[in-house]
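Student: Please take a close look at a single part of this model, the place where its last two helical segments meet, and then set that part beside the rest of the chain. I would like the cut-offs to be stated along the way.

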Amino acid sequence: MGDALVVEKVIDGDAASYELLIRKYQSKLFSTVLHMVKNRELAEDIVQESFLRAFRKLDTLNNRSQFYPWIKRIALNMALNHFEKEKRVLDVETEDDESSFFENISSGESPEELTLKEEMKRYVRMFVDSLPDRLRVVIILREVEDMSYEEIAEMLNIPLGTVRSRLFNARNIIKERLIKQGLADGLYKTS
């Protein structure tokens, strides 16, 4: 059953059908939010609140087949609002499934190269986490969530040129910090 049909059923009064959307998207949405906030409990709260808000406003969703992009936007906005309210340093949490973010870091076979790779991953995570919110969000959406520039622009309601500029700036900041640590010896590409 497609999202549009489920959304219609819920709007028509079959609230129990909403559980289908929750089951379908909860873990995917949680992963996205967790990459943003780096805190499991906070991510769980944001996801739960996002589903509640979406349920209450479901009748405002114009394109019923676009439920996931819509709820993802709700969740990301909630995460951004949290950062704006709290303005605090977030704990760096190591996740095994974050390896895709670091595909631009070359891997070596020798123990020295593997150690350097792990050290570089740690620094990149730390540098991403320390970026200003507007840069961190864009680089996470692009590199972790693999969203297109156009999708990011639409999700954040900013011009495409702003997305490109923020990604460029975020990548350059990370690259400069890696160079200062002596780790950007051609191993990390910003393009």
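Tutor: What follows begins with the conventions and the overall layout, turns to the requested corner, and then goes back to the other end of the chain.

This is a predicted model, in which local features need pLDDT of at least 70 and side-chain atom pairs count only at pLDDT 80 or more, whereas totals for chains, interfaces and linings use all residues. Residues are numbered from 1 along each chain as its sequence is written, and side-chain values use heavy atoms, with hydrogens and water left out.

The protein chain has 8 helices and 0 strands, where helices (H or I, at least four residues) and strands (E, at least two) are DSSP runs numbered from the N terminus. Read from the N terminus, its elements follow the order α-α-α-α-α-α-α-α. Of the 191 residues in the protein chain, 45% are buried, and the terms here are buried for under 20% relative accessible area, exposed for over 50% and partly exposed in between, with a 1.4 Å probe and protein chains only. Among the contacts in the protein chain with a separation of 6 or more, 62% join residues 24 or more positions apart, a contact being heavy atoms within 4.5 Å.

Now to the corner itself. Two packed helices are described by the angle between their axes and the distance between the axes. For helix α7 (residues 149–156) and helix α8 (residues 160–180), the axes come within 8 Å and cross at roughly 105°; these axes are lines fitted to C-alpha atoms, for helices over the stretch in contact, and the angles run from 0 to 180 degrees between N-to-C directions. The two helices α7 and α8 are therefore roughly perpendicular to each other, given that angles under 35 degrees count as roughly parallel, over 145 as roughly antiparallel, 65 to 115 as roughly perpendicular and the rest as oblique. On the α7 side the contact involves Tyr-149, Glu-150, Ile-152 and Ala-153, which meet Leu-160, Val-163, Arg-164, Leu-167 and Arg-171 of α8. By class, the residues of this contact of α7 with α8 are 6 nonpolar, no polar and 3 charged, with Ala, Val, Leu, Ile, Met, Phe, Trp, Tyr, Cys and Pro taken as nonpolar, Asp, Glu, Lys and Arg as charged, and the others, Gly among them, as polar.

The loop between α7 and α8 holds Asn-157, which has a positive phi of about 60° although it is not a glycine. Asn-157 is exposed, at a relative accessible area of 70%. Pro-159 lies in the loop between α7 and α8 as well and counts as exposed at 55% relative accessibility. From Pro-159 to Tyr-149 the C-alpha separation is 9.7 Å, across 10 residues of sequence.

A third helix also takes part in this picture, through Val-138 in helix α6 (residues 133–144). Val-138 is buried, with 0% relative accessibility. Leaving aside residues up to four places away in sequence, Val-138 touches Ile-152, Leu-156, Val-163, Arg-166 and Leu-167. Its C-alpha atom is 6.8 Å from that of Arg-166, although the two residues are 28 apart in sequence.

For the other end of the chain, helix α1 (residues 3–11) and helix α2 (residues 18–37) pack at an angle of about 140°, with their axes 8 Å apart, and that makes α1 oblique to α2. Their contact has 7 nonpolar, no polar and 2 charged residues.

In the loop between α2 and α3 sits Lys-38, a residue other than glycine with a positive phi near 60°. Unlike Asn-157, which is exposed, Lys-38 is buried, at a relative accessible area of 10%.

Helix α3 (residues 40–56) contains Ser-50, which is buried with a relative accessible area of 0%. Beyond residues up to four places away in sequence, Ser-50 touches Leu-29, Ile-71, Ile-74, Ala-75 and Met-78. Ile-46 is also found in helix α3 and counts as buried at 5% relative accessibility.
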